[in-house]
Amino acid sequence: MSPITDTPQNTPASIRAALDRQAVAERLNGKTGRRFWRSLEELSKEESFGTMLQQEYPRFAAEWDPMHRRDFLRLMGASLALGGLTSCTRQPVEKIIPFVRQPEYLVPGKAMTYATTMPVQGYGVGLLATSHMGRPTKLDGNDLHPASLGGSDSLVQAAILTMYDPDRAKTVKFKGRTNVKGWKDFYADLDKEMAGFAETGGEGLHLLTGTITSPSLATAIEQALETYPKAVWHSYEPINRDAVYAATEQAFGAKLDPVYDVAKADVMVSFDSDLIGSGPGHLRFARDFAARRNVEAGGMNRLYVAESQMSITGAAADHRLALTPDEQEKLARAVARELGVAVNGATDTVHADWAKEIAADLAAHRGSSLVVAGEHRAAGFQALVFAINHALGNIGSTVSFIEPAAVRPGGQMESLQALSDALGEGKVKALFMFDTNPVYHAPASMDFQNKLRGVNFLVQHGLFEDESSEWCHYHLPGTHFLEAWGDCLAYDGTASIVQPLIEPLYQGKSALEILHRIATGKEASGHDLVRNRWVKSLGDSLAWKRALHDGVIANSAAAPVQPGWAWSDTGPAEAPAQSGKLDLALLPDYSVLDGFYANNGWLQEAPRPITTLTWDNALLISEETASAFDLATGNLVEVGSGEGMVRLPVLVTVGIPEGAGVAHLGYGRTKVGRVGEGVGASVYPLVDPASPFRASVSVTKVRGRHAFALTQEHHSIEGRNHLRVGTVTDFQNDPQFVWKLDEYSAKYGRNENAPSIYPHPHDYSQGPQWGMVIDLSACIGCNACMVACQAENNIPVVGKEQVAIGREMHWIRVDRYYEGRSAKVEVHHQPMTCVHCENAPCEAVCPVAATVHSTDGLNQMVYNRCLGTRYCANNCPYKVRRFNFYKFADHETPSLKLQRNPNVTVRARGVMEKCTFCVQRISEGRIKARVQNRPIADGEVVTACQQACPTQAITFGDIRDPMSKVSAKKESTLDYGVLSSLGTRPRLTYHARIKNPNPRLAAALVTES
Amino acid sequence: MASQPASTAQGFVEVETVLDENHTYESVTEKISSLPLTPTLPKPVLVVLLFAMLLLLGMGPSLIFLLVEGTGVWGINQPVAWGFAIINFVWWIGIGHAGTLISAILLLLRQEWRTSINRFAETMTIFAVVCAGMFPLLHLGRPWLAHWFFPYPNVMQMWPQYRSPLSWDVAAISTYATVSILFWFTGLIPDLATLRDRAKNKVVKTLYGAASMGWRGSARHWQRYEVAYLLLAGLSTPLVVSVHSIIGLDFAVSVIPGWQVTIFPPYFVAGAIFSGFAMVLTLSIPLRALFGWKDMITLNHLNNISKVMLATCLMVLYGYGMEVFFAWYSGSVYEGYMKFNRMYGPYWWSYWGLILCNGVIPQLLWFKKVRTSPIILFFLSIVINIGMWLERFVIVITSLHRDFLPSSWGMYTPTIFDWGLYLGTIGLFLTLMIVALKILPMISQFEVRELLHKKKHSNHH
């Protein structure tokens, strides 16, 4: 339960009356602004004020005598003044008056944590939400939830900003205008409409939703379909899993969800699957994958990737091939043939040596290998991959199948087509759309924009007024998952409750509440609906409370089914690329996904993995393709498929197969809010319903240039050794090989052993000494740390223009280096933030001592003292300092103020800032430990980036404590300091990236080139 | 000093040739003081003044936008957090060096040819320091807190952090400005008294009277004056070296390849003198043509200034050579790349432009014909000023834009506000110079008379 809604029930009636907003408001007599202060003085002279005070604030009333009146006013001024100044539609005044009796555990200034669930395209990710005095401020993974295990991604981290987005739909709107009576008017119209449908059994009544896994929503929809039996429910998600279910039908004769056990896989092969980078369950898969990437622990897994994009998974691979989907399928067929799978058809293949070695490697790990195909690949291809797993005996071991988590799995494209057809035939009388946006993301051939016009009663429900709401009669404001009750299933079927932390900021109602109203004609609170549903199925309210507390319903994961094997090869499923055309992959974006997060500034400004592109999408091609089509970065092209034509800027990047391109969905929003409108170009018009994620397109260069905002433009390591990479063999031959990659560390090992003619500038022999290790073998470059840091540390968004000229503010960044060229590239990630040098170059050059060292080894930035000479930034060899060139922080927008972490200063213009190692969290830990008179325990202080990291690549703690995890990591010979030859003695060190290539394939590759 | 026979012909200068034969005490005074005491200025000067004031006008918006919006209006970013402001600062301070050098060091070295150019060289110094001094204040993120640079007792109980060379800067520049102004004003007093005596307008007379601080030209005055002047010269001398050394240290104490260079202090001083003398030429060549001062600022002066420039040019060139040597000899990949990037990176033009302007073209000064040709020297001096500006551009920008980690490499592009402020300070400088030219004797009258006296005295021998 959220603290604010948990009003104490046992408060005396008289006091509650005094707390009444009405009463206070009458006393204040509507006076606002400057005059208000005088009124308060006048008011305070009345005797009744004393009485009111006595009842309202017994603690302060003790001080209520003329002597202390001034103090009292000072104390109360702020909160009462806020009450007087309130002008928004829904700012409940009673909530800013302190609690008479505080809810249990609520201590002002102390954050509280609640478990909840974030639905991402219908699938739940269990979260822990941090709340400060009733304001949720930060989201992190819930370690009890199987889809998160405590990790998170950038979408999770940024979701909080969406809730506080000032551009959200706030009120019920009728034909684009604010409807004065709001919900009342809507319900009156709805009842009229539904009365008509009651007679016809719902003939012409249609519902359109996204993927739904929520049992409560399913119940509501079922009820609606029972009440109106002729009504039709369509569901469509642009990033859908239709092909997965089609594949399982081919292979098993049933629609099933595959669930992978990455932890058990010694050898993994991915065909275009971004297993650890996106899609349901990717956080879990990333965790399990990274757990097997530790060379010192042994048992490293090996990952082969053949893909048409340059994905997070591809960057993590030991061996990677850039192949178009049809070439991938050929490779898969060759592997299958080697493994004795009965495949028919042509035997031509690409990279026969790869097929042989991959097959041999897989065959050596029967039952402990895993082959995965992308969810967007053709059903026949995915089925073939199931067949390979079947042949390897992996089914039941590393891959199991469950009944789908989605209420209505698969067939979404057909479902949308059916709606489009019904609309075209004029059969749709009323259409209710929930959290979906067909005008924007439906394939162009379905022509929703024009077809919607014939509908009598069109209702769009969602967080934002979007492209579809413009064509609807009603737009109903939706609720964020932190505002309303709900439930959700995870990728493996685990159920959890969506628990709100705050009342809806605006007049939103959840889809559940509205659907229930449509189905039953009665209003019910989302809380009651969800609670009743789960108390009934769990048996008692204690289990319900337990589920809320844990954030997961115990043992609710779906049991694996034992499907019958029904596969036979149907021949190549992926069409060969057409010559002269570009084989374009249309893929979800790492930041805006399908466009839902387009208005989220944190996500727009997070550099997309690999390309570091911000605030844009582009036609991504590699060098060879660029020269074949005579294109260069910044050129504009018209890309045309059979479906439509789109104008896109070209960005030449790496890792994309020759003759192929990648364009990300979710951009070119025309109506969503101030942040997302006009960013990039929509590529939905290219989507062919028959193969939604792949299009064969013509490319025509057109006049004009486009400027991109990239956070990193130089990806060569220039022969330097701040990023160290090796193989398992290297490590086995010489455990100290990492140090030998650099003359200085070859001589001195870890940096603290290096001699210096100067005495050590600080005494680090006392107290905790904070240090960090980032394991580059585990880092997958997903951006979770960047956005988590932004949420935790109130880091502003600066916009495209400022990013383009190099003024992004991220305290932690993920550097990307490319090894090799073009398609055969290897990508390495290196998260870089303030390394907290023990001997910091920045400190020496500040003329006013605004950056100094703390006794616990932190390099601190004193914002108030900073003049902004920027010498520190120049003298930082790691270039991790960030300067407020303008007043970047939004000091005005009220809703954004609510999001801020109250323990972190919002920085002013002209002030330098940088990573603090989350000093506010360190302080919290120190205070807690001191109150309990004990040292700070290892693992008690967790930095925001560390907490967010889905692969646990970041370790933080006391390096003076020999038993701490971070000390153990620093003992490793993989540990090295970046630029430590400068004598900076960084507290943040790195573990070299160790790859596990197949020695035979590696040898083959050497002879090949 | 006056008792010293000038016939010993100090150094390489022949005293006789630095002043026209036909000058008398009267003609010198008449010629120099006529400019402040007549109400007109030559047309070309008025045109220059108009141009200068236009530039100054353009500074207005640049300043307003800067102060209202923040340093974001400039092209600076991460990694190039210093840009035009620091380049211009160092450039102006460098220009300001010639004044003190001419006034103090040449005085102590008895280079008497300095007398007809020292006044405006000093004036130039002060105005250059004014222009320079604006930049460190304006480049601050929060310029309204600039007083924190100074050590003063305060409730925060905070003092400047004296490990930072920026704190040394504050001391060095404020000292330099103070001593330069004192030196300049002390030198002016006898001449202001002359103007007072010759002024016919009562207001003007009163103003010059107040400024001359009761100078009567008595023997006691002269005696004390000479002592004070010599002492101030002595005080100024170390400053010539210290100020630009400390500016050199601003860069040299850092860890950035291209900044962390041990030869920076002397190399910066040499560069400063180089640019300062170039600016003296830029200003004196048109002046001697416009005001008919060719008899007092003779070709011999130009020749001597050119020789100083040639000498400092060679020192600077040695510095450039050493930087290349260090980059190679250090064996450091960062140093090596820094030098490579300067020569062949995206800002290659600035490096080769600097070599051309500061290294190659000034070699013309080996020829006496060039050294005594005012027109060639004028253009040469402008080339050198551009070269010295490019040198600071190379040091500040190309070192920062690609340092250690390639991930944070970036580019720097100045904005219209960068240019507006830079050109604005040029406007300010020229405006102040022309105003000073109009109201103050730009050639030291009494010192020229003294020179004349010595000349006559030596002729009698």
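This is a short chat about a sheet in chain A and a helix pair in chain B.

Visitor: Before we start, what kind of model is this?

Guide: A predicted one: local features need pLDDT of at least 70, side-chain atom pairs count only at pLDDT 80 or more, and totals for chains, interfaces and linings use all residues. Residues are numbered from 1 along each chain as its sequence is written, with chains lettered from A and ligands numbered from 1 in the order in which they are written.

Visitor: How do I read the strand order in the open sheet of chain A?

Guide: Strands (E, at least two residues) and helices (H or I, at least four) are DSSP runs, numbered from the N terminus. Two strands pair if DSSP finds at least two bridges between them. Here four strands run S11-S10-S9-S12 (chain A), paired in parallel. S11 (319-322) and S12 (369-373) of chain A are at the edges with a single partner strand each, so one side of each has no neighbour in the sheet.

Visitor: How many bridges join S10 and S11 of chain A?

Guide: Four, in the parallel sense, with S10(A) spanning residues 302-307. A:Glu307 sits opposite A:Ala322 in S11(A).

Visitor: And how do H5 and H6 of chain B cross?

Guide: Axes are lines fitted to C-alpha atoms, for helices over the stretch in contact (C-beta atoms, placed from the backbone, within 7 Å), and angles run from 0 to 180 degrees between N-to-C directions. The axes of H5(B) (residues 115-138) and H6(B) (residues 165-198) come within 10 Å and cross at roughly 150 degrees. That is why the two helices, H5(B) and H6(B), are roughly antiparallel (angles over 145 degrees).

Notes:
Parallel < 35°, antiparallel > 145°, perpendicular 65-115°, else oblique.
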